[in-house]
Amino acid sequence: MKALVARSYGPLEELEYTDLPTPVPGPGQLLVRMEAASLNAVDKVLVTGSMRETIPATHPFVPGVDISGLIEAVGEGSTRFAVGDPVIAWNSIPSGALAEFALINDAPSAARRPAALTPAQGAALPTGALTAAALLDITRVPQHGTVLIVGASGGVGSFTVQLAKQAGLTVLASGRDSDSDFLRRLGADYTLDYRAGDLAQTAHHLVPGGVDAVIDLAHAGPALAATAAAAKPGGQLVSPLGGPAAFDREVSAAYGGTRAPEGRLEDLAGQAARGALRIEIDSDYSFGQARQALIDYAANHIRGKVTVTF
């Protein structure tokens, strides 16, 4: 099969197309004939090895954690899917989406793709929506409370805005000034241009005393203190990227990542199929353009998801 491969850790420009053996599904695994994939920040991390001590990759490494395609073969013990079924999946660190075939686990991280979703829409859903839902699981906000979402226009952010609004929260969403209409379409009550001034100060102007929680998708470590300042005393900072255990004014911290509890991916896909959850695709590339897609994704401001169609 053709695959986009990293032979070792290095820049995205060193990724190369090559032939690899088509995988054979083992017990509990499924082989997917790829129709579409989507890109995520973790793809660059795994290719470059910038966090190799905590999330190492095995080489030759095929990037791409979001999978959308048709079941080609079923491993022993797998009963939920049959050959020919359309499927979407979050494949985590093993990755493998940027190839003609990919192995996935027959697990809650995989679900049937509804007929109403195109392959690209299916690929754009798993990591972004699952991560958004997981972060909201650990966000402590009272009923009808307020939340500031930092980095709201990206793949995870676009789903976080929608799911927070579904939960009945007042949503402040930060992005660029040019993202304002986009974020309001997703349900944001207020939009903040992070380049126009102090984000925390702007949030306090809109919500005197501070928001109940900040979900920061853009910063890590000590840099989170600047956005934690937007929370009220005793409020909360939530991030998928890690940082201090707490902040000034007794603002607590909660950190989490992508999770796929039983039935959640099916539920999110069903919402998308019904039009209750928007899937925003910034741009779509062919498989032959996948390396350039990764380079562009890492370099540019993205609204929603970037997909690769086979």
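Here are some notes on this predicted model, taken region by region.

1. Start with the main core. The largest nonpolar core has 42 residues, and Ile67, Leu98, Ile104 and Val308 are those with the most contacts inside it. Several elements each supply at least two of its residues, including strand E1 (2–5), helix H1 (41–48), strand E4 (66–74), helix H9 (290–299) and strand E16 (305–309). Strand E3 (29–38) is another of these suppliers, and the largest share, 5 residues, comes from E3.

2. Leu98 is a good place to look inside that core. Beyond its neighbours within four places in sequence, Leu98 touches residues from many parts of the chain numbering, among them Ala3, Leu4, Ala37, Val62, Phe287, Leu294, Val308 and Phe310. A second, separate core has 39 residues, and Ala132, Leu186, Ile215 and Ala254 are included in it.

3. Now the aromatics. How many aromatic pairs does the structure hold? There are 2, and ring pairs link Tyr17, Phe287 and Phe310 into a cluster. Burial varies among these residues: Phe287 counts as buried at 12% relative accessibility, while Tyr17 is partly exposed at 30% and Phe310 is partly exposed at 32%.

4. Take the pairs in turn. For Tyr17 and Phe287, the ring centres are 5.5 Å apart and the planes sit at 85°, so this pair is edge-to-face. Tyr17 belongs to strand E2 (residues 16–19) and Phe287 to the loop between strand E15 (281–286) and H9, so the pair ties together parts 270 residues apart in sequence. For Phe287 and Phe310, the centres are 4.6 Å apart with the planes at 25°, so the pair is stacked. That second pair also links distant parts of the chain, with Phe287 in the E15–H9 loop and Phe310 in the segment after E16, 23 residues apart.

5. Arg113 deserves a look of its own. Is Arg113 buried or exposed? With 11% relative accessibility, Arg113 counts as buried, because the cut-off for that is under 20%. Arg113 sits in the loop between strand E7 (110–112) and helix H2 (119–124). Its side chain makes a polar contact of 2.9 Å with the side chain of Glu35. Leaving aside neighbours within four places in sequence, the contacts of Arg113 also include Ser68, Gly69, Leu70, Val87, Ile88, Pro119 and Gly122.

6. Helix H3 (residues 126–137) passes a simple length check: at 1.5 Å a residue its 12 residues should span 16 Å, and the end C-alpha atoms are 16 Å apart, which agrees. Of those 12 residues, 11 are buried, so H3 is largely enclosed by the rest of the structure. The buried ones include Pro126, Thr127, Gly128, Leu130, Leu135 and Leu136. Ala132 is buried in H3 too, and the second core also includes Ala132.

7. Last, a sheet. An open sheet with mixed pairing is formed by 7 strands, in the order E10-E9-E8-E11-E12-E14-E13. Which strands stand at the edges? They are E10 (190–193) and E13 (246–247), each with a single partner strand, so one side of each is left without a neighbour in the sheet. Within the sheet, E11 (residues 211–216) and E12 (residues 231–239) run parallel and are joined by 4 bridges. To check the register, find Val214, which stands opposite Leu237 in E12.

How values were computed
Residues numbered from 1 in each chain as written. Predicted model: local features only at pLDDT ≥ 70, side-chain atom pairs only at ≥ 80, totals over all residues. Heavy atoms only, no water. Expected span 1.5 Å × (residues − 1). Buried < 20%, exposed > 50% of the residue type's maximum accessible area, 1.4 Å probe, protein only. Core = buried A, V, L, I, M, F, W, Y, C linked by side-chain atoms within 4.5 Å. Contact = heavy atoms within 4.5 Å. Phe/Tyr/Trp six-rings, centres within 6.5 Å; stacked < 30°, edge-to-face > 60°. Polar contact = N/O pair within 3.5 Å; in protein donor to acceptor, adjacent residues only side chain to side chain. Pairing = 2+ DSSP bridges.
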